[in-house]
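The exercises below ask you to read a structure step by step, and each one is followed by a worked solution. Please look over the sequence and the structure before you begin.

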Amino acid sequence: MSRTKARAALLQELEEAMRRSSAQGVLYGQTVANVAGIANSDLECMDILYLEGRVTAGRLAEVTGLTTGAITGVVDRLEKAGLVRRERDEKDRRKVFISVVPETAMKIGQLYVPMQQAMEKVFGAYSDEELRLLLRFATEGYKGVLAATEALKGLLDTPPEKRPDLKLKKLRR
């Protein structure tokens, strides 16, 4: 097999492995949401809040791509479940921040223990140098997904007949 074909086959294997991992991550998150008694999209917003810290509803809408109206519904549901709270800005009482309630969020966090244990086992097989490479890959991959998401969102405002003809690369089987 030529070097070009070997690389193409390797890239295809990597893409498929990433897709499987991503799909399984979504299914794991759905299971967590089911056990926690909340919607999967609400759980995703909760995770973003956890990662971003205290944010306004507008910022949460910006990060998720949801409308501010949809975010209001998400925050209402999460607040009712005791997972987040609304906090008025000390300096500008018109501004409201949404923050995670740590004590309640920890209950959901416990549902990730099996995933954390499984990943610790996987990570344990790698050297520090390999872990730095994986971190670089994950960080750059995240940036790539952000850029792709923005490009796809751009199609929302484009009439279907004027959208570019996007073609998937043919996967060999």
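**Exercise 1.** Leaving aside its neighbours within four places in sequence, which residues is D42 in contact with? Work this out, and then decide how D42 is placed.

*Solution.* Keep in mind from the start that this is a predicted model. Begin by locating D42, which has its place in helix 2. Once the neighbours within four places in sequence are set aside, the residues in contact with D42 are V74, R77 and L78. Next, look at the side chains of D42 and R77, which are joined by a polar contact of 2.7 Å. Finally, turn to accessibility: the cut-off for buried is under 20% relative accessible area, and D42, at 2%, therefore counts as buried.

**Exercise 2.** Describe the largest nonpolar core, stating how many residues it has and which elements each supply at least two of them.

*Solution.* The largest nonpolar core consists of 21 residues, and those with the most contacts inside it are I38, M46, L49, L78 and V84. At least two residues of this core come from each of helix 1 (3-36), helix 2 (40-52), helix 3 (57-64), helix 4 (68-80), strand 3 (96-100) and helix 5 (102-109). As background, nonpolar side chains in soluble globular proteins tend to be buried together. To see the surroundings of one core residue, take V84 and leave aside its neighbours within four places in sequence: V84 is then in contact with M46, L49, V75, L78, E79, I98, S99, V100 and V101.

**Exercise 3.** Find the salt bridges that involve E87 and E79, and explain which parts the pair of E87 and R54 ties together.

*Solution.* The structure as a whole holds 10 salt bridges. In one of them the side chains of E87 and R54 meet, with an N to O distance of 3.2 Å. Because E87 lies in strand 2 (residues 84-88) and R54 lies in the loop between helix 2 and strand 1 (55-56), this pair ties together parts that are 33 residues apart in sequence. As for accessibility, E87 counts as partly exposed at 22%, and R54 counts as partly exposed at 44%. A further salt bridge is formed by E79 with R86, whose closest N and O atoms are 2.4 Å apart. Here E79 is partly exposed, with a relative accessible area of 32%, and R86 is partly exposed too, with a relative accessible area of 34%.

**Exercise 4.** Examine the salt bridge between E140 and K143, and say by about how much of a helix its partners are separated.

*Solution.* The side chains of E140 and K143 meet at 3.4 Å, N to O. Because these two residues are three residues apart in helix 7, about one helical turn separates them. E140 counts as partly exposed at 46% relative accessibility, and K143 counts as partly exposed at 47%. Elsewhere, E52, R59 and E62 are joined into one network by salt bridges that share partners.

**Exercise 5.** Identify the residues that make the nonpolar surface patch of about 400 Å², and place Y126 within the structure.

*Solution.* The patch is made by M119, V122, F123, Y126 and L134. Its largest share, three residues, comes from helix 6 (residues 113-123). Y126, by contrast, lies in the loop between helix 6 and helix 7 (128-154). With a relative accessible area of 37%, Y126 is partly exposed.

**Exercise 6.** Is N40 buried or exposed, and which residues of its surroundings are in contact with N40?

*Solution.* First locate N40, which is found in helix 2. At 18% relative accessibility N40 counts as buried, since the cut-off for that term is under 20%. Apart from neighbours within four places in sequence, the residues in contact with N40 are V26, G29, Q30 and A33. Among them, Q30 lies in helix 1 and is partly exposed, with a relative accessible area of 31%. Measuring from C-alpha to C-alpha, Q30 and E44 are 9.5 Å apart in space and 14 residues apart in sequence.

**Exercise 7.** State how far K5 and V75 are from each other in sequence and in space.

*Solution.* K5 has its place in helix 1 and is exposed, with a relative accessible area of 52%. K5 and V75 are 70 residues apart in sequence, and their C-alpha atoms are 49 Å apart in space.

Methods. Residues are numbered from 1 along each chain as its sequence is written. This is a predicted model: local features need pLDDT of at least 70, side-chain atom pairs count only at pLDDT 80 or more; totals for chains, interfaces and linings use all residues. Side-chain values use heavy atoms; hydrogens and water are left out. A nonpolar core is a set of buried Ala, Val, Leu, Ile, Met, Phe, Trp, Tyr and Cys residues joined through side-chain atoms within 4.5 Å. Buried means under 20% relative accessible area, exposed over 50%, partly exposed in between (1.4 Å probe, protein chains only). Helices (H or I, at least four residues) and strands (E, at least two) are DSSP runs, numbered from the N terminus. Contact means heavy atoms within 4.5 Å. A polar contact is a pair of N or O atoms within 3.5 Å; within protein, one must be able to donate a hydrogen and the other to accept it, and residues adjacent in sequence count only if both atoms are side-chain atoms. Patches are made of residues with over 30% relative accessible area and no salt bridge: like charges are joined within 9 Å, nonpolar side chains (Val, Leu, Ile, Met, Phe, Trp, Tyr) within 5 Å. Accessible areas come from the Shrake-Rupley method with a 1.4 Å probe; for residues, only the protein chains shown count as cover. A salt bridge is a side-chain nitrogen of Lys or Arg within 4 Å of a carboxyl oxygen of Asp or Glu.
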